[in-house]
Amino acid sequence: MFHVKHTKIIVVGGGHAGVEAAGAAARMGADVSLVTLNKAAIGAMSCNPAIGGLGKGHLVREVDALDGIMGRAADAAGIHYRLLNRSKGPAVQGPRAQMDRALYRAAVQAAVAAHGIEVIEDQVVDLCVQDGRVVGVVTTQHGDLSADAVVLTTGTFLGGVIHIGREMRSGGRMGEDASSALAKRLRSLGLPMGRLKTGTPPRLRKDSIDWDSLESQPGDSEPVMLSFLSKAPAARQIHCGITHTNSKTHEIIRANLAESAMYSGNITGSGPRYCPSIEDKISRFADKDSHQVFLEPEGLNDNTVYPNGISTSLSAEVQLDYVRSIAGLERAEIVQPGYAIEYDYVDPRALDATLQLKALPGLWLAGQINGTTGYEEAAAQGLVAAMFAVCSARDEPMEIFSRSNSYIGVLIDDLIHRGVTEPYRMFTSRAEFRLSLRADNADQRLTPIGVDLGVVTAERHSAFEAKLRSLDEGRRVLGRDTYSSKEARSVGIELALDGSKRTGLELLGLPKVEIGQVCELVEGASDLPADVLAQLHREAIYAKYLERQQRDVDRLRSEETTEIPRDLDFAAIHGLSAELKEKLRKAQPTSIASARKVEGVTPAALNAILLALRSRE
Ligand code: FAD
């Protein structure tokens, strides 16, 4: 064991960012105190009881590759797994699982304990600043706590205000106090801050739902795990229900829009457009007379159901009215009304690429406080912020995550350069290198970095090395010999008799070729483990696209200086969303480089702009 300088890290907040921050710092050998308002709420999921999804599944895998807590906790608590975008290529597939809330919380709390993290239940009300540097925090009960670095992960709690219809009250989330003193202190430091909002649906009593009348949705028959270390779900698997809103539901909501906190003018912050409330959906997509609602049980022994798709800030009475207009929910009872929450965030452009506040060294920010939304985005930032905080306290250099090595790099780059105007969530479309940044290879991309930094434990390190050895052996077996088209045809692979010869790996990369066919042909291939064959299959499919990806990225880079004339009508550009057209119209970028900096502009959007420019030539 090499000697490491004693490092004291304080993490404020026991949400998804805070837990990963504390865990990463502890794995790196730092002495960690996690100060949080409520010990029992560590690992609580404020909203949807699910981990992963499109873009988010990639982040979970990256967190896991760095030995984070989220993936393993999710596999300890997952009760319904679905690989989203299953019919599309692996690059855009999103592993997702629904959690048993109580099991998830228990798994996270067990991980915190196993990391030897000191948990202090208290409120941080101020920062200790010495010579322009943060050197600790001030708490209400434990006084001043000093540290080499502080990671602030206060989520939706800073100046949080809960809205239910016209009712407004202070709160960090339902049933918990807001963090007002700290919000005031951050504002007094002159940090650039704003307000954002998000919402959650009413929770329903499970036994008040007419399940028999509803479509049932089972999980995948072959669940895809969230952690590289898991083999199978630990918990019993359940079915969800599916229902739909209807014209009566929409009528009730439309008639009461003025009662909605989001529409009455009570909320000033912007909400997530891609995670709209039911009020938003009905106003923005007025032509649709039905929206899908997934009924997701919140646990195996929990009588609560999360109706995914009807988040709201209407009054409790109107919520009950519209819920009961939905098929299968005619007698539904609401156990907790839906609500919206408005909170302070710090403009992430005030951060450097390590997530440290440029104006206040010693203080790192991670999670919802940086304008993001989602457990996975929070977890990724927490982990990274703590890794940088530890390295900085030890004066050790650390490689910056980049857009080409990880979604974490994309997330940080987007946040610190573009800022946010609405809660930021991850999408695969944000990553220009998405063909190589797949969820399935997150460990191959990031675990070696984690090992070098000491954030990966010996258990994962040896599992990873064993996996690499199996993959190498697989590549050797499949790459050893070449086969003619005639031989390939003998196992059903359709190929022209062009005289060329291909290795097993090359055959695997051809369209419609199945692993079984290659195993029939290549001696020793069927002895390879199924997961190794599946991974080599994915690699083979993508091998030929990677060059093209690099060419596209290089081309986009070379076109950065292309000017955008003032009279270009963004509204007329095919392939841009209405939101993006509006953002571009307002920003009036004068070049491709400046268009790239507009929030929400993806590589695909830049290509659409370039195409429009070319069609004018
Ligand atoms: P949190 O999970 O909020 O954790 C913050 C932690 O900080 C808490 O443990 C709290 O106790 C602690 N804390 C705060 N202030 C102090 C202090 N002064 N001293 C000590 N401890 C403190 N995400 C989505 O992806 N989609 C959604 O639709 C969605 N809807 C949401 C709806 C609601 C109503 C809420 C509340 C959240 C929603 N979220 C949604 C967001 C999701 O919950 C967050 O993105 C995620 O929890 C953020 O993680 P975090 O670690 O940044 O903060």
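**The ligand shell and the chain around it**

The shell of residues around the ligand divides into 13 nonpolar, 23 polar and two charged residues, and this description, like everything that follows, rests on a predicted model. The shell holds 38 residues, of which Gly 13, Gly 15, Gly 155, Gly 367 and Gly 374 come nearest to the ligand. Several elements give two or more residues to this shell, namely the helices α1 (16-27) and α9 (375-393) together with the strands β2 (31-36) and β13 (193-200).

The UniProt record, an unreviewed entry, places the feature "binding site" at a set of positions that includes Gly 13, Gly 14, Gly 15, His 16, Ala 17 and Gly 18. The same feature in that record also takes in Val 124, Ser 179 and Gln 368.

Two of the annotated positions can be followed further into the fold, beginning with Ala 17, which lies in helix α1. Ala 17 counts as buried because 34 other C-beta atoms lie within 10 Å, where 20 or more are needed for that label. Once its neighbours within four places in sequence are left aside, Ala 17 is in contact with Thr 153, Ala 366 and Gly 367, and also with Ala 378, Ala 379, Gln 381 and Gly 382. Gly 367 therefore appears twice in this account, as a contact of Ala 17 and as one of the glycines that come nearest to the ligand.

Gly 18 also lies in helix α1, and it is buried because 28 other C-beta atoms are found within 10 Å. With its neighbours within four places in sequence again left aside, the contacts of Gly 18 are Val 11, Val 12, Gly 13, Leu 34, Thr 36, Thr 153 and Gly 382. Thr 153 and Gly 382 are thus in contact with Gly 18 as well as with Ala 17.

From the ligand shell the path leads to the nonpolar interior. In soluble globular proteins, nonpolar side chains tend to be buried together. In this chain the largest nonpolar core has 117 residues, and those with the most contacts inside it are Ile 9, Ala 25, Val 151 and Ala 386. The largest share of this core, 13 residues, comes from α9, a helix that also gives two or more residues to the shell around the ligand. Ala 25 offers a view of how the core is joined: leaving aside its neighbours within four places in sequence, Ala 25 is in contact with Ile 9, Ala 30, Val 32, Ala 386, Ala 389 and Val 390. A second, separate core of 18 residues includes Leu 204, Leu 214, Leu 314 and Leu 329.

The chain as a whole has 19 helices and 23 strands. With 617 residues, a compact globule would have a radius of gyration near 25 Å, and the chain agrees with that expectation because its own value is 25 Å. Along its principal axes the C-alpha trace spans about 75 × 65 × 60 Å, and 47% of the 617 residues count as buried. Among contacts between residues at least 6 apart in sequence, 73% join residues at least 24 apart.

Some loop residues deserve a separate look, and backbone geometry picks out two of them. Most residues other than glycine have a negative phi. Asp 131, although not a glycine, has a positive phi of about 50 degrees, and it lies in the loop between β7 (124-130) and β8 (133-139). Asp 131 counts as exposed because it has 7 C-beta neighbours inside 10 Å. Leu 355 is likewise not a glycine and has a positive phi of about 75 degrees, in the loop between β20 (339-346) and β21 (363-365). With 28 C-beta neighbours inside 10 Å, however, Leu 355 counts as buried.

Two further loop positions complete the tour. Arg 434, in the loop between α10 (407-418) and α11 (442-453), is buried because 21 other C-beta atoms lie within 10 Å. Leaving aside its neighbours within four places in sequence, Arg 434 is in contact with Ala 91, Val 92 and Thr 428. Ser 290 lies in the loop between α7 (278-284) and β17 (292-297) and counts as partly exposed, with 13 C-beta neighbours inside 10 Å. Ser 290 touches His 244, Thr 245 and Asn 246, not counting residues up to four places away in sequence. The C-alpha atoms of Ser 290 and Thr 245 are separated by 4.9 Å, although the two residues are 45 residues apart along the chain.

Definitions and conventions: Residues numbered from 1 in each chain as written. Predicted model: local features only at pLDDT ≥ 70, side-chain atom pairs only at ≥ 80, totals over all residues. Near = placed C-beta within 6 Å. Helix = DSSP H or I, 4+ residues; strand = E, 2+ residues; numbered from the N terminus. Nonpolar A, V, L, I, M, F, W, Y, C, P; charged D, E, K, R; others polar. UniProt positions renumbered as here; feature names shortened; annotations may be inferred. Buried ≥ 20, exposed ≤ 12 C-beta atoms within 10 Å, placed from the backbone. Contact = placed C-beta atoms within 7 Å. Core = buried A, V, L, I, M, F, W, Y, C linked by C-beta atoms within 7 Å. Rg over C-alpha atoms; globule rule 2.2 N^0.38 Å.
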